[in-house]
Amino acid sequence: MSFRLAIELSPASPDAFAANAGWPKDLPGASAAPPTLPPAPSPANRKRVIVVDAGHGGIDPGTHGATGVQEKNVVLAVAKKLREALESTGHYRVQLTRDSDVFIPLRERVNFARSAHGDLFVSLHADSNAHRDIRGASVYTLSEDGSDREAAKLAEKENMSDVIAGVDLSGENSPVASILIDLAQRDTMNRSSRFAETVVGSLPSATQIQALRPHRAAVLPC
């Protein structure tokens with residue numbers, strides 16, 4: 001047996017909301033209107049923050065090409081060029097997780113993106129293949145298996161406030177925390193997939209893409 005919960009929302013003024021919210025009228029503050037929130041920044045006045053992550057670095061060279069060129073150097077050079085190109089449009093502010101040859105653990109890269117209030121996190125990598133006829137760009141997003149494993153790891157943490165839009169879940173029981181994490185991850189995965197499809201559709205005008213499955217799903221490393 002399965003169940004479905006449907007919630008219908010419609011716009012309402014603060015006074016109408018207070019009058020119909022179901023708050024007992026005999027309780028203090030029942031007739032008080034909800035506090036007025038400051039207006040959200042206009043999208044036209046705010047630059048989107050894009051966090052570009054140059055993979056590997058430092059003691060982790062990544063893969064290497066036939067000439068000995070190392071992945072960590074290639075992706076760092078591309079990250080800097082990408083920052084320059086994006087910021088030149090005047091629409092974006094770009095933060096790099098690293099701008100030199102240093103090693104940064106994966107978790108610290110994610111924490112950096114959250115601290116920067118990033119709207120988009122993009123990690124750059126350069127693959128190598130023994131077959132010279134295989135080439136082209138591809139875009140990876142988190143797989144279902146990777147999502148489940150990541151959610152399990154997050155649910156074990158005592159403080160998960162950064163994961164669910166700043167809400168501290170340390171006082172919630174495990175099922176509630178797991179459900180909220182799953183909802184947040186589903187939303188993120190859906191947005192990531194839509195962005196990936198947009199990138200895949202735009203890449204052919206700039207470079208060659210993988211002939212088969214240019215949009216792929218991967219499991220996060222431990």
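Visitor: How much accessible surface does the protein have, and what share of it belongs to carbon and sulfur atoms?
Guide: The model is predicted, and the areas are computed from it. The accessible surface comes to about 16,100 Å². Of this surface, the share that belongs to carbon and sulfur atoms is 56%.

Visitor: What percentage of the residues is buried?
Guide: A residue counts as buried when its relative accessible area is under 20%. The protein has 222 residues. The buried share of these residues is 21%.

Visitor: Which helix gives the most residues to the largest nonpolar core?
Guide: This core has 10 residues in all, among them Ile50, Val75 and Val94. At least two residues come from each of β1 (48-54), α2 (71-87) and β2 (92-96). With 4 residues, the element that gives the most is α2.

Visitor: Which residues are in contact with Val94, leaving aside its neighbours within four places in sequence?
Guide: Val94 is itself part of the largest nonpolar core, as are Ile50, Val52 and Leu86. Contact requires heavy atoms within 4.5 Å. With the neighbours within four places set aside, the contacts of Val94 are Ile50, Val52, Arg83, Leu86 and Glu87.

Visitor: In which helix is the confidence lowest?
Guide: The mean pLDDT of the protein is 79, and 72% of its residues reach 70 or more. Confidence is highest in α2, at 97. It is lowest, at a mean of 53, over residues 144-155, which form helix α4.

Visitor: How many contacts beyond four places in sequence does the model have for residues 154-163?
Guide: Over residues 154-163 the pLDDT stays under 50. The number of contacts beyond four places in sequence for this stretch is 19.

Terms used: Residues numbered from 1 in each chain as written. Predicted model: local features only at pLDDT ≥ 70, side-chain atom pairs only at ≥ 80, totals over all residues. Heavy atoms only, no water. Core = buried A, V, L, I, M, F, W, Y, C linked by side-chain atoms within 4.5 Å. Buried < 20%, exposed > 50% of the residue type's maximum accessible area, 1.4 Å probe, protein only. Areas by Shrake-Rupley, 256 points an atom, 1.4 Å probe, with all protein chains shown as cover. pLDDT = per-residue confidence, 0-100.
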